[in-house]
Amino acid sequence: MKVLHTADWHLGHKLFNQTREEEHAAVLQQIIDLIIAEEVELLLIAGDIFDQHLPPNYAQAQYYNFLKALQQTSCHTVVVVAGNHDSFNFLDSSKLLLDSFNIKVLANLPETLEEQLIEVRNPQGELQAYVAAVPFLRERELRQGQMLPYEERIKALRLAIRQHYADLAALLADKTALNIPLITTGHLYVDQGQRDGRSDYIHIGQADLFPAQDFPALFDYVALGHLHRPQKLGEQGRICYSGSILPMDFNEINYAQSVQLLEFEGRKLVQNKMKPLKLLRRLIFYKGDEQKIRAKLEKLPAQGEKVSDLLKLELEVPQFLPALEQEFRKILKGKAAELISMQQKSELNSREKAAKGPEKDLAELSPEGLFDLYLQEKGTDPKASQALQKSFGELLSWMQEQDRD
């Protein structure tokens, strides 16, 4: 049996107000082509299908058109779970309709655990696999609204996530004799996962740092979403992040964009291969002085028929030069690159800036990162800063819960 695992599509995403619609269309078509070429039977989408709670119309159309295209392929079953970026109510709104096409959507935790267990059957009705479909786990669902002190709250959340997977594994314990794959999903931050120092955790206090070894051994594969770098965790590599299908910002330009292709013989995972995706356009980041940047821009290829790459510049200049951006745009005319962000760092105040640390691009910071930067700018005492960050995290977590309802 062949399975394709993907996650973190972020349909509707914009980068410095630049729509990614064409880029998404190109990679979604590649996924369809791969499913056809490899005769994939089961597709797992592990959260963050959309970038916003209310996706733009074109992003909704891309989602539904993709699922429609699958009906003409070998892929007879699709399992979709919500991520932290998704609107649970929006995904749920089409759940009943999609179910008639064997597309199983799990946005919220259902009333019973049994409802999370999805039987995967081929068109002949033969049982091929079980999927324990686990979406992004919200605190109040797991803890049932308990009011706890901060430290106990974090501990309780981690234990609740572990227990939830353990309970699902217990329900599947009598299925092991069937010799079919037992799979689960997750949209969370597993502690061995690499995210290059980024601080936009799903839960406050890094409470979702779930130990990889706490996934029950019963599961033959764990399909994860949330971290955008594709990676295999654990000794056997059965716990995987498929990675995002597009780089979401310039911090991710060195990430591979991919999906995970799996093949099972009985319960044995005989193939677990990362399948790269080709990008319609690249994200390019140049940093240096004016002369160095000019030379790089001059060497960029002509436009031709290629879609323009997206370019970000960070310049070190003696003083701010207001006409410089316009000059660079003239150089880029007819080139296969579009300038979407440019920063000038003046050397006049370099000592003062060095004392404050490296400058941040506000457009790329998470809410937590922005608040942390604000506290630094205000010179807040470290102890007071830590307490304020905890309070801000709790408030942000509460607001996100309200937005997703």
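How many bridges join strand 15 to strand 16, and do these strands run parallel or antiparallel? There are 7 bridges between strand 15 and strand 16 (residues 309-317), and the two run parallel. Keep in mind for every view below that this is a predicted model.

**View 1. Strands 15, 16 and 17 make an open sheet.** The strand order is 15-16-17, with parallel pairing. Strand 15 (283-289) and strand 17 (337-346) sit at the edges with a single partner strand each, so one side of each has no neighbour in the sheet. On average, neighbouring strands are turned by 15 degrees against each other, direction ignored.

**View 2. Zooming in on strand 15 beside strand 16, with helix 7 packed on the sheet.** Look for Ile284, which stands opposite Leu311 in strand 16. Helix 7 (residues 290-298) touches both strand 15 and strand 16, and its direction makes about 145 degrees with that of strand 15.

**View 3. Helix 8 packs on the sheet too.** Here helix 8 (residues 324-332) touches strand 16 and strand 17. The direction of helix 8 makes about 150 degrees with that of strand 17.

**View 4. Helix 1 packs with helix 2.** Helix 1 (residues 21-38) and helix 2 (residues 57-70) meet at an angle of about 10 degrees, and their axes are 11 Å apart. That angle is why helix 1 counts as roughly parallel to helix 2. From helix 1 come Glu21, His24, Ala25, Leu28, Ile31, Ile32 and Ile35, and they meet Tyr58, Gln62, Phe66, Ala69 and Leu70 of helix 2. Sorted by class, this contact has 9 nonpolar, 2 polar and 1 charged residues.

Key. Residues numbered from 1 in each chain as written. Predicted model: local features only at pLDDT ≥ 70, side-chain atom pairs only at ≥ 80, totals over all residues. Heavy atoms only, no water. Axes fitted to C-alpha atoms, helices over the stretch in contact; angles between N-to-C directions. Helix = DSSP H or I, 4+ residues; strand = E, 2+ residues; numbered from the N terminus. Parallel < 35°, antiparallel > 145°, perpendicular 65-115°, else oblique. Contact = heavy atoms within 4.5 Å. Nonpolar A, V, L, I, M, F, W, Y, C, P; charged D, E, K, R; others polar. Pairing = 2+ DSSP bridges.
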